[in-house]
Amino acid sequence: MAVAAGGATTAGVRLLSVPCTLPAIRTSSFVTTLSFSKLGSFPWRVRSTEPARKKLLVIRAARTESQGVSLGFRAPNFQLPEPLTGKTWTLEDFESYPALLVMFICNHCPFVKHLKKDIAKLSNFYMKKGLAVVAISSNSVATHPQDGPQFMAEDAKLYNYPFPYLYDETQDVARDFGAVCTPEFFLFKKDGRRPFELVYHGQFDDSRPSNSVPVTGRDLSLAIDSVLSGQPVPSVQKPSVGCSIKWHPQKSW
């Protein structure tokens, strides 16, 4: 995966038949260091059904930053299946919670792999304190079959996700949220009967697969602590950095 030294999206090209991974930093001081803030492209050849012709599909892989969504943005409605259980979830299922964390993740992205265990730990910790959590995968299975629902269910079991891991096949939900990368975090709060409003759209922490910074979850956990304790969340937030969402070949927003 090509990595940009700068900000938004710098595209490279990847041969998707050969999985790409970045060196994973397994050092994690998630619980012991943070204590949760006291709140205890190369071208890819595709087989064609037409035997005399070959099609060449070029997919672009990119390092992307979360962007373009304003704080105060209201959580969009969704209705998505959970491959592991077959249950369909909607935004209304979380209406009784004071806060909702929506995470756009996937199976294959090195940036997500770097955080999977710690995302599960953080979620488990805060769900016990009243936070609602849901994860969504919107990647195209036409270009990345390893992110399909069968493998999502396997991932959910492997990492013991305490939250529902939903499949956005049409990618409409990702578009409604303005999601562009994995991982990407949207933290919403709810005051009474008011709709969920976005208060945090930033990174998990400073750790990346290519650096030696330990995973702590500091940035996200501090935001969650603020919401659950009724305190304002700082408006200056570092964007999440990850793989671009893999749009269907005919969809390029």
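**Close-up views of a predicted model**

**View 1. The open sheet and its edges.** In this predicted model, five strands make up an open sheet of mixed pairing, and their order across the sheet is β9-β8-β7-β11-β12. The edges are taken by β9 (165-167) and β12 (197-200), and because each of these has a single partner strand, one side of each is left without a neighbour in the sheet. On average, neighbouring strands of this sheet are turned by 35° against each other when direction is ignored. Strands of a sheet pair through backbone hydrogen bonds, and the pairing can be either parallel or antiparallel.

**View 2. Strands β8 and β9, with the helices that pack on them.** The pairing between strand β8 (residues 131-137) and β9 is parallel and runs over three bridges. Within this pair of strands, I136 stands opposite L166 in β9. Helix α3 (residues 116-127) packs on the sheet, where it touches β7 (99-104), β8 and β11 (184-189), and the direction of helix α3 makes about 150° with that of β8. Helix α4 (residues 149-158), for its part, lies across β8 and β9, and runs at about 175° to β9.

**View 3. The surroundings of S137.** Is S137, a residue of strand β8, buried or exposed? S137 has a relative accessible area of 1%, and since buried means under 20%, this residue counts as buried. Leaving out residues up to four places away in sequence, S137 touches Y165, L166 and Y167, as well as I105, C106, D147, M152 and D168.

**View 4. The surroundings of F78.** F78 sits in the loop between β4 (60-65) and β5 (79-81), and with a relative accessibility of 5% F78 counts as buried. If neighbours within four places in sequence are set aside, the residues in contact with F78 are W89, T90, L91, F94, L166, V173 and F177. One of these contacts, L91, is 13 residues from F78 in sequence, while the two residues are 5.8 Å apart in space, C-alpha to C-alpha. L166 is in contact with F78 and also touches S137, which links this view with the previous one.

**View 5. The largest cavity and its lining.** The largest cavity holds about 80 Å³ of space. It is lined by 13 residues, of which L115, P183, S207, R208 and V241 are the closest to the centre of the cavity. What kinds of residue form the lining of the largest cavity? Seven of the residues in the lining are nonpolar, four are polar and two are charged.

Definitions and conventions. Residues numbered from 1 in each chain as written. Predicted model: local features only at pLDDT ≥ 70, side-chain atom pairs only at ≥ 80, totals over all residues. Heavy atoms only, no water. Pairing = 2+ DSSP bridges. Helix = DSSP H or I, 4+ residues; strand = E, 2+ residues; numbered from the N terminus. Axes fitted to C-alpha atoms, helices over the stretch in contact; angles between N-to-C directions. Contact = heavy atoms within 4.5 Å. 1 Å grid on protein atoms, 1.4 Å probe; cavity = no way out; pocket = protein on both sides within 12 Å on 5 of 7 lines; lining within 4 Å. Points joined across faces, edges and corners; volume = space filled by probe spheres on them. Nonpolar A, V, L, I, M, F, W, Y, C, P; charged D, E, K, R; others polar. Buried < 20%, exposed > 50% of the residue type's maximum accessible area, 1.4 Å probe, protein only.
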